[in-house]
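Let's take a walk through this structure together. Keep the 3D view open as you read, and turn it whenever a new element comes up.

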Amino acid sequence: MTLKLNRRSVLALLTLSTAALAVPALAQDKVELRFSAVFSEQDIRAEMMKKFAAGIGEGYDLKPYYGGTLFKQTTEIVAIQRGNLEMGNVAPQDISNQVPAFSILTSAYLFRDAAHLKAFFASDAGTEMKALAEDQLGIKILGPTYFGTRQLGLRIDKKINTPADMAGVKLRMPGGDAWQFLGQALGANPTPMAYAEVYTGLQTGAIDGQDNPLPNVENMKFYEVTKQIVQTSHLVGYDLLVVSKKVWDAMDADQQAAFQQAADDAIAWSTEQHLKREENLVAFFKEKGIEIYTPDVDAFRAFAQAKYLDSDLSKDWPAGMLDKINAL
């Protein structure tokens, strides 16, 4: 049997073929969003990303990689710049490595609490700082992801009220010049020590104390070798949820607004959960017999900010930015 094809038959076949090909094409229309973070899948922020994925709708395919399994800490921004990653939860310190002016946002006593952090990034001053990073790095900053405020945990009985009381206190700080300077800005004698060695260091007296958010103190069981927690609140811990500028610029205004709203809602939920956990941990530590109190935070803030302003670390800070942040 011979099949005869005329012009009308050929057009009909082409139409059918195009329709058939369109079915898998529709499935591929979703924008892939590879997301990299060093926090674990059990972290509150992992649940935050699930809420974000639900908020942005079906037009996107969010593929999260936790625990630094796709890209290690400090490498996410470069991965985004090279087109190997669409989204990340990046440390402000990593941004300051490429944009020195951003280092002001990593200094001690800059933000008073999570509310102040949020207010800054929503302000004109925050927009100015975000623009610095966005223009130079090819990223869009969606917002700060709060994960706890660093407090002092000490194995000694000495009462701490001002930085002068920290003289001679061997305070474990992470390695690196910026972290060691932070220890000095608290009035302490900073001692670099690996995180995994801190428990033993406290137990043996190699160090007098450490600084971490309360959830870390619980996770690492530092409270077992701690007598007091001094709520200096010297560093509000946060990272930044970012998306590739290429992805962002491909959206229309309505899509950008919906994307940003999904991020805002998810971040707000995550912040609330972290604050609740910190509050609950204060009660938990008190039940364990640990003394918890708040020192003269204003004295600590003034001492630390003066230290930073007198150091080389502040030479790249935008003029007047510290005053703008303090005024919020």
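The paragraphs below go from the overall picture to the largest pocket, and then to a handful of individual residues.

Please keep in mind from the start that this is a predicted model. Its secondary structure consists of 13 helices and nine strands. If you frame the C-alpha atoms along the principal axes, they fill a box of roughly 100 × 45 × 30 Å. The protein has 328 residues, and 48% of them are buried. Turning to the surface, about 16200 Å² is exposed, with carbon and sulfur atoms supplying 52% of that area.

How are the contacts spread along the sequence? Taking contacts between residues at least 6 apart in sequence, 76% join residues that are at least 24 apart. The charges can be summarised too: there are 33 positive and 40 negative ones, and their mean positions lie 5 Å apart.

Now let's look for empty space. Rolling a probe the size of a water molecule over the atoms shows where such space is left. The largest pocket has a volume of about 1300 Å³, and 48 residues line it. To find its centre on your screen, select Gln 73, Gln 93, Phe 147, Arg 150 and Trp 179, the lining residues that lie nearest to it. Several elements give two or more residues to this lining, among them helix H2 (44–56), helix H4 (92–98), strand E4 (139–154) and helix H11 (253–287). Which element gives the largest share of the lining? That is E8, with six residues.

Strand E8 is also home to Ser 233. This serine deserves a look at its backbone, as its phi is positive, about 50 degrees, although the residue is not a glycine. Another non-glycine residue with a positive phi is Lys 221, where the angle is near 60 degrees. You will find Lys 221 in the loop between H9 and E8. With a relative accessible area of 41%, Lys 221 is partly exposed, because that class runs between the 20% and 50% cut-offs.

Is Leu 62 buried or exposed? This leucine sits in strand E2 (residues 60–65), and its relative accessibility is 16%, so it counts as buried. Setting aside residues up to four places away in sequence, Leu 62 touches Leu 33, Phe 35, Met 49, Phe 52, Ala 53 and Met 87. Asp 43 is 19 residues from Leu 62 in sequence, and their C-alpha atoms are 17 Å apart.

A second buried residue is Ala 79, at 3% relative accessibility. Its place is in helix H3 (residues 76–81). Beyond the neighbours within four places in sequence, Ala 79 is in contact with Phe 71, Asn 84 and Leu 85. Along the chain, Ala 253 is 174 residues from Ala 79, and 26 Å separates their C-alpha atoms.

Finally, let's visit helix H5 (residues 114–121), where Lys 118 is found. Lys 118 has a relative accessible area of 59%, so it is classed as exposed. Thr 145 is 27 residues from Lys 118 in sequence, with a C-alpha to C-alpha distance of 9.2 Å.

Terms used: Residues numbered from 1 in each chain as written. Predicted model: local features only at pLDDT ≥ 70, side-chain atom pairs only at ≥ 80, totals over all residues. Heavy atoms only, no water. Helix = DSSP H or I, 4+ residues; strand = E, 2+ residues; numbered from the N terminus. Buried < 20%, exposed > 50% of the residue type's maximum accessible area, 1.4 Å probe, protein only. Contact = heavy atoms within 4.5 Å. Areas by Shrake-Rupley, 256 points an atom, 1.4 Å probe, with all protein chains shown as cover. Lys, Arg positive; Asp, Glu negative; His and termini not counted. Charge placed at Lys NZ, Arg CZ, Asp CG, Glu CD. 1 Å grid on protein atoms, 1.4 Å probe; cavity = no way out; pocket = protein on both sides within 12 Å on 5 of 7 lines; lining within 4 Å. Points joined across faces, edges and corners; volume = space filled by probe spheres on them.
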